[in-house]
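Please read the following account with the model open beside the text, moving from one strand to its partners and then outward to the sheets, cores and unusual backbone positions.

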Amino acid sequence: MALWEGTTGTGLSWEQPGPDRAGDGNNRDQTGLGTEQPGPDRAGDGNNRDEVGDGTTGTGLSWAQPAPLCGVVKRDRAEPAWEQNRDRAEVAEGQNRSGNRARSVTGAVSRSHPAAAAMLLLRAMAGRSAAPEGHRGAAPAPGGHRGAAPEGNRGAAPEGHRGAAPGGHRGALPVLAALLGLGAVLAYGERRRRTAEAAEAPRPPRYPRYTRAEVAQHRSPSERVWVTYGTEVFDVTDFVELHPGGPDRILLAAGGALEPFWALYAVHGQPHVLELLRDYKVGELSPEEAAPPPADTGDPFAGDPPRHPALRVNSWKPFNAEPPPELLTRSFLTPNELFFTRNHLPVPSVEPGSYRLRVEGPGGRSLSLSLAELRQRFPKHEVTATLQCAGNRRSEMSRVRPVKGLAWDIGAISTARWGGARLRDVLLAAGVGDNTGDDTGDDNEWHVCFEGLDADASGTPYGASIPLKRALSAEAEVLLAYEMNGQELPRDHGFPVRVLVPGVVGARSVKWLRSVAVSAAESPSHWQQKDYKGFCPSVDWDSVDFGAAPAIQELPVQSAITEPRPGAAVPAGELTVKGYAWSGGGREVVRVSGDGGWAGGVGELMGWGIGEIGGGKWGNEWGMGEMGNEWGGGLGK
């Protein structure tokens with residue numbers, strides 16, 4: 001029986017006729033594998049008849065379509081290597097049909113493509129397995145065809161079966177099948193090798209790469225609004241007006257990272273939000289942007305902690321910043337990371353395990369407390385209080401008359417829930433009594449002086465003081481605080497211990513506290529004697545006498561509108577106005593008016609501290625709500 005009984009296209013074949021290498025116009029198939037068109041004359045003798053007798057035109061093995069037994073061999077993979085070695089292999093095969101020569105050719109080709117090597121070896125083996133009658137090496141038969149049978153069939157046996165001569169292809173069948181299997185295995189291995197190499201090769205970036213400085217240039221719709229999340233860059237300009245929280249909220253993150261803002265609002269962590277964000281991706285951050293820049297060891301402010309990017313910075317060194325008005329009234333308690341920051345010097349780095357607080361009373365009595373002892377020896381007390389910088393709203397004052405100092409907007413005020421030991425309890429433990437100073441016969445008021453661990457280049461620390469009567473008052477609720485909104489104090493806000501004096505200017509609530517001392521005089525600190533004092537409008541920097549004015553303690557009523565912002569366009573009809581009001585010394589705020597109080601209408605007080613005024617039309621009468629009795633007075637929700 002014949003080796004191949006398939007129809008056209010079932011085996012390996014050449015798509016185009018092979019070249020006439022002898023130049024005599026005869027390019028018949030001499031290998032016996034068959035081609036779709038007459039095969040090349042490989043011997044160069046102009047005779048390329050089918051001498052094996054197992055294939056006719058179109059029934060052999062084809063490159064154009066994969067063969068049944070080596071279906072993984074594809075022309076687009078085999079062709080490059082075959083083309084590189086084709087001439088060398090064909091000449092070698094024509095010169096010597098022996099197995100030795102065929103194997104050398106196969107070895108040469110296998111270095112470039114193993115499947116091609118298998119095909120050459122297959123062709124050589126096919127030639128070797130031909131029967132003596134009328135095959136390779138036989139004398140020419142009548143009609144000029146080498147090895148032709150008397151019946152005139154090319155390569156036919158006497159019985160009329162192509163290639164069925166005794167000793168013909170029955171023995172070659174297992175060899176050819178094995179070679180075809182080998183070719184399939186080699187081709188599969190080659191495919192896996194190339195796949196592995198492709199996987200290891202670095203992939204070119206799909207998106208352009210940007211630095212954070214380049215992202216920061218896109219902060220407004222006119223410049224396009226870009227943000228980052230992780231290492232990806234997004235252009236969210238078209239989403240600004242669609243943002244559920246309003247365009248002002250998302251613009252707070254313009255030109256920077258989304259993570260600090262999303263940490264405040266957990267809803268952003270949901271999968272559908274991330275999927276929505278992916279639609280706006282325009283690039284990736286450069287790899288070097290992932291690592292924070294090295295600290296400058298020569299800069300005294302190099303050790304300052306990281307800050308929330310939403311804070312509006314008034315000065316970097318020292319760091320002073322406030323939250324945006326629209327975030328200030330989002331909640332009654334100001335989140336720690338958005339609490340306004342007022343620093344006068346570099347932030348000290350304090351090791352809590354070695355921290356000691358020194359408390360000194362009159363007559364040389366003293367007390368030294370570790371952080372653990374402060375927590376364990378004295379009952380924890382909590383109070384909700386609003387702190388305000390004395391310069392709050394200074395930028396508005398400067399629009400009326402230039403004022404020196406940091407240009408604070410309306411955000412130098414924040415509210416938190418503080419926890420710690422009462423200063424009164426600690427002073428009593430140090431031997432300070434309620435009648436301290438009474439036996440001196442001095443009518444002057446005694447004071448409690450505080451010093452912080454923050455110091456200038458000369459080693460002079462920040463300091464301030466409050467009257468002793470306030471420090472010892474149970475109603476005043478002065479704390480040595482070590483917690484803020486249920487967490488340990490952040491570094492910017494006095495870790496590990498700070499003073500908290502409710503109802504008094506924030507400058508007296510000394511941070512990073514290292515000492516407490518009872519004294520017959522105020523603190524000698526510059527910030528007590530030459531700063532934080534109030535004067536009448538006629539006093540300017542040329543005529544000021546700091547010694548002639550008392551140090552600020554309590555502050556007058558303060559109020560501001562946070563939303564809508566000045567100049568904002570608002571819709572007709574009802575309008576919800578948000579803002580805050582605060583009164584020093586713990587006094588209550590009893591009404592809020594939308595028209596200066598002239599119409600007698602007051603706003604509905606939704607709570608206390610800092611918060612929201614109920615909606616309504618300007619000038620309409622608003623219902624009065626109940627007030628809370630928390631430090632800071634004011635209103636909130």
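Strand β17 is mostly covered, since 6 of its 6 residues are buried, each having under 20% relative accessible area. The model in view is a predicted one, and the description of β17 should be read with that in mind. Three pairings involve this strand, and each of them is antiparallel: β14, which spans residues 413–422, pairs with β17 over 5 bridges, β19 pairs with β17 over 3 bridges, and β18 pairs with β17 over 2 bridges. Individual residues help to locate these pairings, because W418 stands opposite M484 in β17, L480 stands opposite V499 in β19, and M484 stands opposite Q487 in β18. M484 can therefore be used as a landmark for both the pairing with W418 and the pairing with Q487.The hairpin of β17 and β18 has 2 residues between the strands, and within it N485 takes a positive phi near 55°. What is the place of N485 in terms of the strands around it? N485 is found in the loop between β17 (479–484) and β18, and it is partly exposed, with a relative accessible area of 23%. Most residues other than glycine have a negative phi, and most peptide bonds are trans. A positive phi in a residue other than glycine also appears at R224, where the value is near 75°. R224, however, is found in strand β5, and at 34% relative accessibility it counts as partly exposed.

Strand β5 leads to another part of the model, an open sheet of 5 strands with mixed pairing, whose order is β3-β7-β6-β5-β4. The strands β3 (209–210) and β4 (219–220) stand at the edges of this sheet, and each has a single partner strand, so one side of each is left without a neighbour in the sheet. Within the sheet, β5 (residues 224–229) and β6 (residues 232–235) run antiparallel and are joined by 4 bridges, with V233 in β6 serving as the bridge partner of T228. Helix α8, made of residues 271–278, lies across β5, β6 and β7 (281–285), and runs at about 75° to β6.

The nonpolar cores come next. In soluble globular proteins, nonpolar side chains tend to be buried together. In this model the largest nonpolar core has 49 residues, of which L427 and L513 touch the most other members. Both domain 2 (312–530) and domain 3 (557–630) give residues to this core, so the core lies between them. Leaving aside residues up to four places away in sequence, L427 touches V359, V432, V448, L468, A471, L472, V516 and V518. A second, separate core has 22 residues, including F234, V236, F319 and A321.

Which peptide bonds depart from the trans arrangement, and where are the prolines that follow them? The peptide bond from K317 to P318 is cis, with omega near 0°, and P318 has its place in the loop between β8 (312–315) and β9 (320–322). A cis peptide bond also joins F495 and P496, with omega about 10°, and P496 is found in the loop between β18 (487–488) and β19 (498–500). The loop that holds P496 thus returns the reader to two of the strands that pair with β17, namely β18 and β19.

Two further positions show how side chains and loops meet residues elsewhere in the sequence. T384 is found in strand β13, which covers residues 380–388, and at 5% relative accessibility this threonine counts as buried. A polar contact of 2.7 Å joins the side chains of T384 and R417. V539 has its place in the loop between α14 (526–529) and β21 (558–563), and is partly exposed, with a relative accessible area of 27%. Not counting residues up to four places away in sequence, V539 touches R401 and V544.

Taken as a whole, the protein chain contains 14 helices and 23 strands, and buried residues make up 49% of its 637 residues. Among the contacts in the chain with a separation of 6 or more, 64% are accounted for by residues 24 or more positions apart.

Terms used:
Residues numbered from 1 in each chain as written. Predicted model: local features only at pLDDT ≥ 70, side-chain atom pairs only at ≥ 80, totals over all residues. Heavy atoms only, no water. Buried < 20%, exposed > 50% of the residue type's maximum accessible area, 1.4 Å probe, protein only. Polar contact = N/O pair within 3.5 Å; in protein donor to acceptor, adjacent residues only side chain to side chain. Contact = heavy atoms within 4.5 Å. Axes fitted to C-alpha atoms, helices over the stretch in contact; angles between N-to-C directions. Core = buried A, V, L, I, M, F, W, Y, C linked by side-chain atoms within 4.5 Å. Domains from an automatic or database assignment.
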